[in-house]
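The following note sets out several points for consideration alongside the sequence and the coordinates. The points take up enclosed space, one residue beside it, the packing of the interior and a polar contact.

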Amino acid sequence: MIEYEIRPERKFSFGFAELRRHSELLYFFTWRDIKVKYKQAALGVLWAIFQPLLMMVIFSFAFRRFITINDTVPYPFFAFSGLILWSVFSSGITGSGNSMVQNANIIKKIYFPRLIIPFSAILVAVFDFLMTLPVLAAMMIYYGISPEWSNSWMLPVALLQTLLATLGPGCLLAALNVKYRDFRYIVPFLVQFLLFATPVIYPENQISQRWIQELLAVNPVSGAISLFRAFLTGVAPDPVLCTISAVSTVIFFFAGIYYFRKTESYFADLA
């Protein structure tokens, strides 16, 4: 008679290999979340475009007189280019932070890599970003702005950094929200605060104190926005600030995934 003993893995794993094996499930979770998000909305996916457009109009009227941008980059384009990438971070953080609680019934019934849930919530934000790219292209044509093709490598780097900068803190907040439901109220406030601590609506050189620039660069998504704009406009980013942001991204990413993996065995009981 053959006996089988099921034991948990003794060696810690970030679970990326398991996530890759269940890539089809990740696709279905993402597509389900997209359909649920826009199913009963009259304008559907157009909301992904209208939200950053409306914020661009508001910020243009409120701040364009007080913020100095170089002559080749009109302020509406400057703001919109930052807002669409910021939306990936803000929507991804909000969605992934609440994802485990919202999917509590599924977690309790079957086993699958739990990392799929916050990851799929972030991919929904990436889908919204892709919907805004035609508007960005139209604005570039309207303002006569051409991408700096020599900086083309910055585009995938910026998108990858945004994804990592969202996934790490998103997984951390998702795990914390399972145990401490107060985080559902903290996350919206945190996102609003970080909007003004990120060079979305103002350039980094608008801040005169260097130490404040370096402090704000700890925000992981700040470097991604600088690289993204460097590709679009050719304005060279500050290499020191981008390095600080990149290091911060890596730290937050692995710290968030580590905490999520260490606590996920309790999710079915607490969710």
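1. The model under discussion is a predicted one. A search of the whole structure finds 2 cavities of 30 Å³ or more. For the largest cavity, the volume comes to about 80 Å³.

2. The lining of the largest cavity deserves a residue-by-residue reading. It is formed by Ala197, Thr198, Pro199, Tyr202, Glu204, Ile207, Gln213, Leu216, Ala217, Ser222 and Leu241. By character, these lining residues divide into 7 nonpolar, 3 polar and 1 charged.

3. Leu241, one of the residues that line the largest cavity, belongs to helix H11, which spans residues 239–263. Is Leu241 buried or exposed? Its relative accessibility is 3%, and because buried means under 20%, Leu241 counts as buried.

4. The surroundings of Leu241 can be described further. With residues up to four places away in sequence not counted, Leu241 touches Glu204, Arg210, Gln213, Glu214 and Ala217. Among these, Glu204, Gln213 and Ala217 also appear in the lining of the largest cavity. Between Leu241 and Ser226 the C-alpha to C-alpha distance is 9.2 Å, with a separation of 15 residues in sequence.

5. Turning to the interior, the largest nonpolar core has 44 residues. Within this core, Phe77, Trp86 and Phe228 are the residues with the most contacts. At least two core residues are supplied by each of helix H3 (47–63), helix H4 (75–102), helix H6 (116–143), helix H7 (154–179), helix H8 (183–196) and helix H10 (220–233). The largest share, 12 residues, comes from H4.

6. Apart from the largest core lies another core, which has 20 residues. Its members include Ile107, Ile117, Leu167 and Phe253.

7. Phe77 merits separate inspection as one of the residues with the most contacts inside the largest core. Which residues does Phe77 contact when its neighbours within four places in sequence are left aside? They are Leu136, Met139, Met140, Tyr143, Ile145, Leu232 and Thr233.

8. A final point concerns Asp33, which is placed in helix H2 (residues 23–38). The side chains of Asp33 and Ser120 are joined by a polar contact of 3.4 Å. Not counting residues up to four places away in sequence, Asp33 touches Ala121 and Val124 as well as Ser120.

Terms used:
Residues are numbered from 1 along each chain as its sequence is written. This is a predicted model: local features need pLDDT of at least 70, side-chain atom pairs count only at pLDDT 80 or more; totals for chains, interfaces and linings use all residues. Side-chain values use heavy atoms; hydrogens and water are left out. A nonpolar core is a set of buried Ala, Val, Leu, Ile, Met, Phe, Trp, Tyr and Cys residues joined through side-chain atoms within 4.5 Å. Buried means under 20% relative accessible area, exposed over 50%, partly exposed in between (1.4 Å probe, protein chains only). Helices (H or I, at least four residues) and strands (E, at least two) are DSSP runs, numbered from the N terminus. Contact means heavy atoms within 4.5 Å. A polar contact is a pair of N or O atoms within 3.5 Å; within protein, one must be able to donate a hydrogen and the other to accept it, and residues adjacent in sequence count only if both atoms are side-chain atoms. On a 1 Å grid over the protein atoms alone, a cavity is a set of points where a 1.4 Å probe fits but cannot get out, and a pocket is an open set with protein on both sides within 12 Å along at least five of seven lines; lining residues have an atom within 4 Å of a point. Grid points are joined across faces, edges and corners, and a volume is the space filled by probe spheres set on the points. Ala, Val, Leu, Ile, Met, Phe, Trp, Tyr, Cys and Pro count as nonpolar, Asp, Glu, Lys and Arg as charged, and the others, Gly among them, as polar.
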